[in-house]
Structures are given as structure tokens and as C-alpha cells.
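Here are my notes for you, in numbered points. Please keep the viewer open while you read, and tell me where you would look next.

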Amino acid sequence: MKFPENFMWGAASASYQVEGAYLEDGKGINIWDAYSQEGCKIAHGENGNIACDHYHRFREDVKIMREMGIKNYRFSISWTRILPDGTGRVNERGLKFYSDLVDELLANGIEPLVTLFHWDYPYALHKKGGWLNDDSSDWFAEYTKIVVDALSDRVKYWMTINEPQVFIGCGYDIGRFAPFEHHQAKDLAQMTHNVLLSHGKAVKIIRERAKKEPVIGFAFSTPCVTPKDDSAEAIEEAKRKSFAFDKDDFIFGLSWWADPIFTGNYPKDAYEQLGSNMPEIKSGDMEIISQPVDFYGVNIYESKAKYNQYGYSENAYAGCPRTQMGWPVTPEALYWSPKFLYERYGKPILLSENGMAGHDWVHLDGRVHDPYRIDFLKRYLRELCRAGEDGVEIMGYMYWSEMDNFEWADGLDKRFGLVYVDYRTQKRTIKDSGYWYKTVIESNGEAIFSD
Ligand code: GCO
């Protein structure tokens with residue numbers, strides 16, 4: 001089995017999770033800055049005020065990426081570093097940081113992939129109603145224009161929105177993430193609509209204004225269901241479950257978010273099940289939302305499953321292999337999700353995130369030995385390669401994450417990185433998996449097949 005010749009191997013991060021410098025050089029407050037200062041919301045009362053101090057150490061980090069042979073680096077822009085109040089006044093020092101980062105990446109032979117929004121929503125806009133405000137998509141369009149005008153002479157790959165299922169679902173439904181709110185279906189549906197409008201307006205702006213021919217997508221979460229066996233019936237059932245609309249947890253769904261982009265309509269069942277809770281759809285909205293995109297970016301860690309009260313599911317059984325996040329190890333997710341998504345939406349699949357958190361530490365020999373992460377990656381990447389062999393157009397793989405970082409409500413304990421970060425000293429140590437990943441990239445994936 002082989003990966004495509006032009007397959008994009010890389011690693012990913014996100015602004016709030018790695019940058020720190022939360023009040024530096026004119027940056028405005030975002031909702032994670034605002035709500036993480038309130039102690040107990042985040043594990044150990046931690047926050048991203050410093051995180052990996054990437055804002056000051058990005059040149060060192062890019063050098064480490066080059067040492068690992070990373071060819072593509074997916075990172076996100078902090079909206080309030082560009083527009084401290086979310087709209088209006090532009091912070092030139094914030095733009096300069098990202099311009100310098102892009103230049104450093106390109107000077108080291110690394111392609112930048114920019115995510116415009118990865119959850120760090122401007123607090124000033126949150127106070128104006130945030131995603132519920134009818135102007136929210138225009139705010140996002142204004143922000144997009146400034147970033148595209150500043151970076152699109154060098155940046156080719158764009159992702160508009162990262163995991164709306166999670167930042168709306170966890171931030172405004174179950175209240176586990178900032179701003180830790182609980183809204184009813186009507187609000188959640190309207191927020192969805194405004195997020196999708198933001199995505200569509202951003203796509204239009206990138207298409208119209210990018211100085212380099214852009215390649216545009218997004219980075220959604222919500223994997224597909226793995227069939228219980230290889231029978232045609234089981235595969236059909238898994239596909240049906242993967243795209244079904246369920247009013248009880250629609251915000252975390254797949255078709256609810258993706259169908260409008262690719263079909264110009266919300267799923268039929270949504271209209272039937274949500275009824276008057278459906279968003280207000282103005283004339284022209286669905287045309288904006290369904291602007292053509294070039295790829296389907298998806299973040300996959302495990303197969304979709306319904307968990308019972310004991311934390312078990314069709315994938316999770318007593319003593320099953322789990323990562324430090326408690327997520328079961330389900331490599332087949334990287335076969336079935338790309339396959340089902342490609343069959344339904346017909347766009348190349350970018351694995352915009354996949355990886356595992358592990359109980360990593362610096363060993364007595366000064367190295368970080370993480371054989372479990374290498375085994376995890378061999379298993380998952382073999383499944384992704386199999387999907388490609390079976391006709392799925394697989395575009396690339398961005399390991400989450402380039403370095404250990406602030407894992408949202410879990411704080412700094414959870415270590416996903418290929419690079420270990422000692423948060424007391426900010427010392428970076430490339431883990432064994434980071435050196436191994438270099439051989440994967442150099443061999444265009446062949447190294448995953450050696451035992
Ligand atoms: C996500 C986010 C990342 C997370 C990573 C591990 O997918 O939830 O994009 O910011 O840190 O996925 O949970």
C-alpha cells in the first residue's frame with residue numbers, strides 16, 4: 001500500500017493553545033482569556049496566559065519542525081491579536097507576528113495552513129451576543145478580509161472554522177468549554193446558521209481577494225460510525241447512523257453542519273424534528289453557505305459511538321486501549337470516516353487532526369520514549385492509507401499536535417505533542433515519535449509498515 005505522491009504530511013496547533021502572550025503587543029481579550037481566569041473552570045485552575053510561549057519562541061519551534069522534517073504546519077490566527085475588539089481597530093503588531101511566522105515557515109521549507117477560527121472568540125463580540133448576533137457573520141467577514149489581505153501573498157491553504165460541533169456544542173450547549181453556557185435548541189440552531197454564514201462569507205472573501213490561488217476548506221469534527229462487520233447491511237447501517245439527524249444531540253452531528261455547505265440545505269429531518277426551532281434562513285443565506293470548497297478537513301480521534309453510563313460503547317470495552325484522554329484507540333476510524341465522507345460529499349479529505357495524548361515525561365536518559373504513540377500512528381495511518389487505496393482522495397495528514405499544549409478544560413496535563421514541553425522552563429524535547437515521524441515523512445508513509 002502507498003500514499004499519494006503529493007500527500008501532505010504535517011502537524012497542527014492552535015493559537016490559544018500554544019501562543020501565550022495573552023495580553024501582549026495590543027492583543028485583545030478572547031472568551032478563553034476571560035473565563036479561564038475564574039479558577040475552577042479549567043483543570044488545576046490553569047489557563048493559556050503563557051502556554052508554550054510560542055508567541056516569543058516561534059523561530060525555535062519552526063527550527064524544531066524542520067528538524068522533524070515537517071513539511072506542512074497547520075496553525076490558527078488569534079482573532080483578537082488582529083482586531084482586539086473583534087471589529088474596527090486593527091492591531092498591526094498582531095498581524096506582524098503572523099507575517100513573521102509565515103516567513104519563518106517558508107524560509108524553512110514548511111507550507112503554512114491557516115485556520116481562521118479555532119475557538120478564541122473576541123470577548124467584546126461575545127458581550128454583543130456573539131454567534132447569536134445577526135451581525136456575527138459580517139464581523140467574521142471583516143476579520144477574514146484583514147487576514148487574507150495581509151497573508152494571502154504567501155498562504156495558499158485556508159481553513160475557515162475549526163470544529164463548530166465542539167465550540168458550539170461544548171461552549172453553548174453542555175457548558176464544558178468557554179463561555180460555559182447552556183442554550184436551548186433554538187439558540188443552538190441560530191448559532192449554527194451564523195457560524196455557517198461566517199464560513200461562507202469567508203470562503204467568498206478568500207476566493208475574491210487571495211493574492212495566491214487559494215485551496216479552501218474547514219476542519220470539522222464528528223467522525224463516522226464504524227460498521228460492526230464487513231457485510232453490506234452493516235456498512236449501510238453505519239453510514240445511516242453517521243449522517244442521521246437527531247434533535248437530542250444535533251449540534252454535535254455531522255450532516256447538520258456539512259449538508260448545508262455541500263447541498264445548500266439542512267438535512268430534511270432537521271426541518272421535521274426541529275420545526276420552529278430551525279434557524280431563520282434569509283434569502284441568499286444558503287447560497288452564501290454553500291460556496292464551493294476545495295477539501296473536507298476532518299479531525300478524527302476515534303469512531304463515533306454512543307457511550308453508556310459506564311463509559312462503554314461499541315468500541316470501548318472493559319480494559320480497552322485508551323489514550324490519556326480516555327478515548328478508546330479505534331484505528332479503523334481513519335478508514336471509515338474518510339470513506340463515508342468522500343462518498344457523501346465528493347471532496348478530497350484532509351485529516352486536519354489526529355493524534356493521541358500520552359503519559360509522557362523526560363526519561364533518565366533525557367529522551368521522551370513514547371512507543372505507544374508510534375504504535376498508535378502506525379495503526380491509524382495504515383487505515384488511512386487503506387482508504388486511499390480503496391479510492392478515497394486523501395489529501396494530507398496533520399498530526400495533532402506539533403507540541404504539547406493547553407488542552408482546553410483539561411489544561412496542561414494532557415500531552416498530545418510530537419515535542420515535549422516543560423512548562424516550568426519552556427524547554428522543548430523532541431519525543432521518539434517526533435524522530436520516527438520524520439522517517440514517515442521522508443518515506444512518504446512507507447515507514448508505517450515496518451514493525
Ligand atoms: C479539537 C481541537 C483541538 C484539541 C484536540 C485534542 O479537535 O478538539 O481542534 O484544539 O486540542 O483535538 O482534543
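1. Let's start with S152, which sits in the loop between α7 and β4 (157-162). Keep in mind that this is a predicted model. S152 has a relative accessibility of 0%, so S152 counts as buried. A polar atom of the S152 side chain lies 2.6 Å from the backbone oxygen of V148. Beyond residues up to four places away in sequence, S152 touches V147, W158, R209, A210, K211 and K212.

2. R209, one of those contacts of S152, is worth a second look. R209 forms a salt bridge with D149, and the closest N and O atoms are 2.9 Å apart. D149 belongs to helix α7 and R209 to helix α9 (residues 185-209), so the bridge ties together parts that are 60 residues apart in sequence. Both ends are partly exposed: D149 has a relative accessibility of 25%, and R209 has a relative accessible area of 35%.

3. How many salt bridges does a search of the whole structure find? The count is 41. As a general reminder, side chains of opposite charge can pair when their charged atoms come close. One of the bridges joins D134 and K282, at 3.8 Å from N to O. D134 is in the loop between α6 (123-126) and α7 (136-151), while K282 is in the loop between α12 (268-274) and α13 (285-289), so this pair ties together parts 148 residues apart in sequence. With relative accessibilities of 45% for D134 and 42% for K282, each of the two counts as partly exposed.

4. Now for D404 and R415: is this pair buried or exposed? D404 is buried, with a relative accessible area of 0%, and R415 is buried too, at 11%. Their closest N and O atoms are 2.6 Å apart in a salt bridge. D404 and R415 both lie in the loop between β8 (394-400) and β9 (419-422), 11 residues apart. The pair also belongs to a network of salt bridges that links D360, D370, R373, D404, R415 and K431.

5. Helix α11 (residues 255-263) deserves a rotation of the view. Why is α11 described as largely enclosed by the rest of the structure? Seven of its nine residues are buried, and that is why the description applies. The buried residues are S255, W256, W257, A258, D259, P260 and I261. Just after α11, G264 takes a positive phi of about 80 degrees.

6. W256, buried in α11, turns up again in the largest nonpolar core. That core has 130 residues, and the members that touch the most other members are W32, W131, I168, W256, Y296 and Y397. Helix α9 gives the most to this core, with nine residues. α9 is also the helix that holds R209, from point 2.

7. To see the surroundings of one core member, try W131. Leaving aside neighbours within four places in sequence, W131 is in contact with F117, Y121, S136, F140, F167, I168, Y172, Q190, M191, N194, V195 and S198. I168 appears in this list and is, like W131, among the core residues that touch the most other members.

8. Finally, there is a second, separate core. This core has 17 residues, including L113, M159, M325 and A357.

Note on methods: Residues are numbered from 1 along each chain as its sequence is written. This is a predicted model: local features need pLDDT of at least 70, side-chain atom pairs count only at pLDDT 80 or more; totals for chains, interfaces and linings use all residues. Side-chain values use heavy atoms; hydrogens and water are left out. A salt bridge is a side-chain nitrogen of Lys or Arg within 4 Å of a carboxyl oxygen of Asp or Glu. Helices (H or I, at least four residues) and strands (E, at least two) are DSSP runs, numbered from the N terminus. Buried means under 20% relative accessible area, exposed over 50%, partly exposed in between (1.4 Å probe, protein chains only). A polar contact is a pair of N or O atoms within 3.5 Å; within protein, one must be able to donate a hydrogen and the other to accept it, and residues adjacent in sequence count only if both atoms are side-chain atoms. Contact means heavy atoms within 4.5 Å. A nonpolar core is a set of buried Ala, Val, Leu, Ile, Met, Phe, Trp, Tyr and Cys residues joined through side-chain atoms within 4.5 Å.
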